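Hello,

Here is the structure I promised to pass on to you. Have a look at it first, and then read on for what I found in it.

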Amino acid sequence: QGHVDGIATVRDVKRAGENCILTIHASSELLRGMIMKGSVTINGVSLTISALSADTFAVSLIPHTLKHSTMGTLSAGDNVNIETDLIGKWVQKYMASSKESGRVTESFLKEHGY
């Protein structure tokens with residue numbers, strides 16, 4: 001979408017052949033909006049989350065991304081701009097305002113066409 005939700009720090013850059021795994025330390029607020037195989041934008045580059053822990057997430061970078069973006073220049077300790085997935089933000093907002101105290105039940109889903 002083109003905006004920054006927060007700043008995180010590169011924890012590790014691990015080369016795996018022609019590919020690279022970038023592990024990033026992020027705040028719990030940022031991580032709350034992330035899921036495995038979900039989208040995250042790092043310094044304007046939209047990527048897929050390949051690993052997720054209590055305080056980090058990782059993305060796998062392919063040769064094309066490394067060659068045609070600044071992702072290949074990152075090192076441990078570098079700060080990066082993070083934008084979390086828009087759908088995750090929508091779900092968080094909806095859950096926070098839910099009259100059912102954030103509980104999504106089977107009956108709620110059926111009632112809303114799922």
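Let me begin with F57: once the neighbours within four places in sequence are left aside, F57 is in contact with L22, T23, I24, A26, L31, M34, V40, I42, I49, A51, L52 and I82. Please keep in mind throughout that this is a predicted model.

That list of contacts leads straight to the core. The largest nonpolar core has 22 residues, and the members that touch the most others are L22, I42, F57 and I82. Two or more residues of this core come from each of strand 1 (6–16), strand 2 (19–25), helix 1 (28–31), strand 3 (39–42), strand 4 (45–52), strand 5 (56–61) and strand 6 (79–84).

Now for the fold around it. I count 4 helices and 6 strands in the protein, and from the N terminus on they follow one another as β-β-α-β-β-β-α-β-α-α. How do the 6 strands close up, and in what order? They form a barrel in the order 1-2-5-4-3-6, with antiparallel pairing. From one strand to the next, the twist averages 45°. As you know, strands of a sheet pair through backbone hydrogen bonds, in either the parallel or the antiparallel sense.

Some of the pairings can be followed residue by residue:

- Strand 1 and strand 6 are paired antiparallel over 4 bridges, and I7 stands opposite N81 of strand 6.
- Strand 3 and strand 6 are also an antiparallel pair, here over 3 bridges. V40 has T84 of strand 6 as its bridge partner, while T41 has E83 of that strand.
- Strand 3 and strand 4 pair in the antiparallel sense over 4 bridges, and in strand 4 the partner of V40 is L47.

V40 is a good residue to click on, since it has a bridge partner in strand 6, T84, and another in strand 4, L47. V40 is also among the contacts of F57.

Strand 3 and strand 4 form a hairpin with 2 residues between them. This brings me to the backbone angles. Most residues other than glycine have a negative phi. Which residue in the turn of this hairpin has a positive phi? The residue is N43, with a phi of about 50° although it is not a glycine. N43 sits in the loop between strand 3 and strand 4, and its relative accessible area of 30% makes it partly exposed, because that value falls between the 20% limit for buried and the 50% limit for exposed.

K37 is another case: its phi is near 65°, again positive in a residue other than glycine. You will find K37 in the loop between helix 1 and strand 3. Is K37 buried or exposed? With a relative accessible area of 71%, K37 is exposed, because the value is over 50%.

Next, a look at helix 2 (63–68) and the loop that follows it. T65 lies in helix 2 and has a relative accessible area of 16%, so it counts as buried, being under 20%. Apart from neighbours within four places in sequence, T65 is in contact with V45, L47 and M71. L47 is the residue that we met above as the partner of V40 in strand 4.

G72 belongs to the loop between helix 2 and strand 6. With a relative accessible area of 28%, G72 is partly exposed. Beyond the neighbours within four places in sequence, G72 is in contact with R15 and L66. The C-alpha atoms of G72 and L61 are 8.5 Å apart, and the two residues are separated by 11 residues along the chain.

Finally, a few totals for the protein. Of its 114 residues, 31% count as buried. Among contacts with a separation of 6 or more, 57% are between residues 24 or more positions apart. The accessible surface comes to about 7400 Å², and carbon and sulfur atoms hold 53% of that.

If you would like a place to start, open the model at F57 and step through its contacts, including L22, I42 and I82, which along with F57 touch the most other members of the core.

Best wishes

Conventions
Residues are numbered from 1 along each chain as its sequence is written. This is a predicted model: local features need pLDDT of at least 70, side-chain atom pairs count only at pLDDT 80 or more; totals for chains, interfaces and linings use all residues. Side-chain values use heavy atoms; hydrogens and water are left out. A nonpolar core is a set of buried Ala, Val, Leu, Ile, Met, Phe, Trp, Tyr and Cys residues joined through side-chain atoms within 4.5 Å. Buried means under 20% relative accessible area, exposed over 50%, partly exposed in between (1.4 Å probe, protein chains only). Contact means heavy atoms within 4.5 Å. Accessible areas come from the Shrake-Rupley method with a 1.4 Å probe; for residues, only the protein chains shown count as cover. Two strands pair if DSSP finds at least two bridges between them. Axes are lines fitted to C-alpha atoms, for helices over the stretch in contact, and angles run from 0 to 180 degrees between N-to-C directions.
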